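Subject: Structure for you to look through

Hello,

I am passing on the structure we talked about, together with some notes on what was found in it. Please open it alongside this message and follow the notes as you read.

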Amino acid sequence: MDVVASALGRGRIAIEEMDPRSDEACYCLGEYYTELARRFENGFDVSLSRDPEANDMIRPRGAFLVAMSDGLPIGCVGLEGTEGEMAEIKRLWVTPSARGLGVGRRLMDAAENAARQLSIKTLRLDTNRALREALQLYRSTGWSEIDRFNDDPYPDFFFEKHL
């Protein structure tokens with residue numbers, strides 16, 4: 001029933017920039033962390049990641065975007081900036097009932113647009129092998145695989161895209 005409800009609401013999905021500490025953003029991040037803990041071989045602990053508080057995902061350094069449908073948060077993505085020409089895409093998540101509707105691609109497009117507004121020229125991201133859907137999305141939307149660029153304990157793959 002959730003899939004049917006999401007499909008009917010496809011045209012009502014809006015991408016909104018929010019503070020990563022807002023209720024909607026915190027809901028999405030909590031669901032994302034829970035999913036990673038379940039899917040990753042050795043679990044997931046956000047405190048081991050860089051910028052666990054998402055402080056660099058707020059303008060003027062970055063942005064945090066939430067997909068909303070009928071007033072409910074259904075997905076998110078963060079743009080973690082450094083006040084330079086490079087930034088990272090972090091914490092892309094879409095609720096399972098909305099997967100397959102193009103929400104992830106819309107969130108990534110919105111993150112790229114926010115990066116352009118902030119004069120960011122290069123985006124990077126990392127991901128874990130357990131996130132097959134993410135790997136497919138990145139590879140199909142112009143991201144190039146690169147060498148490891150951080151010491152985060154969870155990623156297996158690293159990507160870059162020039163805007």
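The notes below go through one strand, its neighbours and two helices.

Please keep in mind that this is a predicted model.

A good place to begin is strand 4, where 8 of the 9 residues are buried, so this strand is largely enclosed by the rest of the structure. Strand 4 is joined to strand 3 (residues 72-81) by 6 bridges, and these two strands run antiparallel. One of the pairs to look for is Gly75 with its bridge partner Val94 in strand 4. In the hairpin that strand 3 and strand 4 make, 4 residues lie between the strands, and Glu83 takes a positive phi near 70° there.

Strand 4 is also joined to strand 5, this time by 3 bridges, and here the strands run parallel. Ala87, for example, has Leu123 in strand 5 as its bridge partner. To get from strand 4 to strand 5 the chain passes through helix 3, and this β-α-β crossover is right-handed.

Val94 deserves a closer look, since this residue of strand 4 has a relative accessible area of 11%, and it counts as buried because that value is under 20%. Once its neighbours within four places in sequence are left aside, Val94 is in contact with Ile74, Gly75, Arg99, Val103, Gly104 and Leu107. The buried residues of helix 3 include three of those names, Val103, Gly104 and Leu107.

Helix 3 itself has 15 residues and reaches 21 Å from its first C-alpha to its last, which is close to the 21 Å expected at 1.5 Å a residue. Just after helix 3, Ser119 takes a positive phi of about 65°.

Finally, please turn to helix 4 (residues 132-140), whose buried residues are Ala134, Leu135, Leu137 and Tyr138. Seen down the axis of helix 4, these buried residues fall within an arc of 165°, so they line one face of the helix. It may help to recall that an α-helix has 3.6 residues a turn, so residues three or four places apart point the same way. On the other side of helix 4, Arg132 and Gln136 are exposed. The buried residues of helix 4 are covered by parts that include strand 4 (86-94), helix 3 (103-117), strand 5 (122-127) and strand 7 (157-162). After helix 4 comes Gly142, with a positive phi near 90°.

Best wishes

Notes. Residues are numbered from 1 along each chain as its sequence is written. This is a predicted model: local features need pLDDT of at least 70, side-chain atom pairs count only at pLDDT 80 or more; totals for chains, interfaces and linings use all residues. Side-chain values use heavy atoms; hydrogens and water are left out. Buried means under 20% relative accessible area, exposed over 50%, partly exposed in between (1.4 Å probe, protein chains only). The arc is that of the directions from the helix axis to the C-beta atoms. Contact means heavy atoms within 4.5 Å. Two strands pair if DSSP finds at least two bridges between them. A crossover is right-handed if, with the strands pointing away from the viewer, the path from the first strand over the helix to the second runs clockwise. The expected span of a helix is 1.5 Å times one less than its number of residues.
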